[in-house]
Amino acid sequence: QVQLVESGGGLVQAGGSLRLSCAASGRTFSSYAMGWFRQAPGKEREFVGTISRSAGSTYYADSVKGRFTVSRDNAKNTVYLQMNSLKPEDTAVYYCARDGTLYSGSVYYTDPSEYDYWGQGTQVTVSS
């Protein structure tokens with residue numbers, strides 16, 4: 001069983017920055033791509049970004065490209081989401097998730113159904 005635990009959310013003013021962390025249990029962390037999603041009240045869960053197993057590739061939603069950066073430290077079983085130039089529309093619960101394909105070389109996993117383990121989420125609120 002894999003557990004993912006997010007942290008780092010909070011309240012920030014527009015234009016500010018936050019760094020989210022997602023710590024994973026287990027010994028297979030480096031064997032899977034990881035993703036970040038977000039869900040605002042009344043909206044569907046939305047893809048934010050992904051990172052490949054080796055951290056050699058990343059892929060982002062157009063809405064966050066150039067502002068958000070996904071990274072990972074396989075030695076620490078942790079994936080990060082650095083969020084800069086935050087906007088009120090970035091307000092949501094942010095989730096990390098593990099892609100369901102072992103040893104995949106792809107990062108183009110944008111559909112939540114492609115992920116098999118999810119964290120509990122962390123709230124990010126951006127005030128205007």
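This passage describes the overall build of the protein and then six of its residues. The model is a predicted one.

The protein contains 11 strands and 0 helices. Along the sequence the order of elements is accordingly β-β-β-β-β-β-β-β-β-β-β. The radius of gyration is 13 Å, which agrees with the value near 14 Å that a compact globule of 128 residues would have. Measured out along the principal axes, the C-alpha trace spans about 40 × 25 × 25 Å. Of the contacts between residues at least 6 apart in sequence, 60% join residues at least 24 apart.

Buried residues account for 45% of the 128 residues. The exposed surface of the protein comes to about 6400 Å², and carbon and sulfur atoms supply 45% of that area. As to charge, there are 12 positive and 11 negative side chains. The centres of these two sets lie 7 Å apart.

Two residues, T122 and G9, can be described together. T122 belongs to strand β11, which covers residues 122-127. G9 is placed in the loop between β1 (4-7) and β2 (10-13). A polar atom of the T122 side chain lies 3.2 Å from the backbone nitrogen of G9. T122 counts as buried because its relative accessibility is 11%, and the cut-off for a buried residue is under 20%. G9, at 32% relative accessibility, counts as partly exposed.

The surroundings of these two residues were also listed, leaving aside neighbours within four places in sequence. On this basis T122 is in contact with E6, S7, G8, G9, L20, A92, V93 and Y94. G9, for its part, touches L20, T122, Q123 and V124. L20 thus appears among the contacts of T122 and among those of G9. T101 lies elsewhere: 92 residues separate G9 and T101 in sequence, and their C-alpha atoms are 28 Å apart in space.

S30 and G66 are both loop residues. S30 is found between β3 (18-24) and β4 (34-39), and G66 between β6 (58-60) and β7 (68-73). S30 has a relative accessible area of 34% and is therefore partly exposed. For G66 the relative accessible area is 80%, so this residue is exposed, the cut-off for that class being over 50%. Outside its neighbours within four places in sequence, S30 is in contact with R53, R72 and N74. The C-alpha atoms of S30 and T78 are 9.6 Å apart, and the two residues are 48 places apart in sequence. G66 and N84 are 18 residues apart along the chain, with 8.7 Å between their C-alpha atoms.

The backbone angle phi is positive at A55 and N77. In A55, which is not a glycine, phi is about 70°. N77 is likewise a residue other than glycine, and its phi is near 55°. A55 lies in the loop between β5 (46-51) and β6, whereas N77 lies in the loop between β7 and β8 (78-83). A55 counts as partly exposed at 34% relative accessibility. N77 counts as buried, because its relative accessibility is 16%.

Notes: Residues are numbered from 1 along each chain as its sequence is written. Side-chain values use heavy atoms; hydrogens and water are left out. Helices (H or I, at least four residues) and strands (E, at least two) are DSSP runs, numbered from the N terminus. The radius of gyration is taken over C-alpha atoms; the globule rule is 2.2 Å times the number of residues to the power 0.38. Buried means under 20% relative accessible area, exposed over 50%, partly exposed in between (1.4 Å probe, protein chains only). Contact means heavy atoms within 4.5 Å. Accessible areas come from the Shrake-Rupley method with a 1.4 Å probe; for residues, only the protein chains shown count as cover. Lys and Arg count as positive and Asp and Glu as negative; His and the chain ends are not counted. The place of a charge is taken as NZ of Lys, CZ of Arg, CG of Asp or CD of Glu. A polar contact is a pair of N or O atoms within 3.5 Å; within protein, one must be able to donate a hydrogen and the other to accept it, and residues adjacent in sequence count only if both atoms are side-chain atoms.
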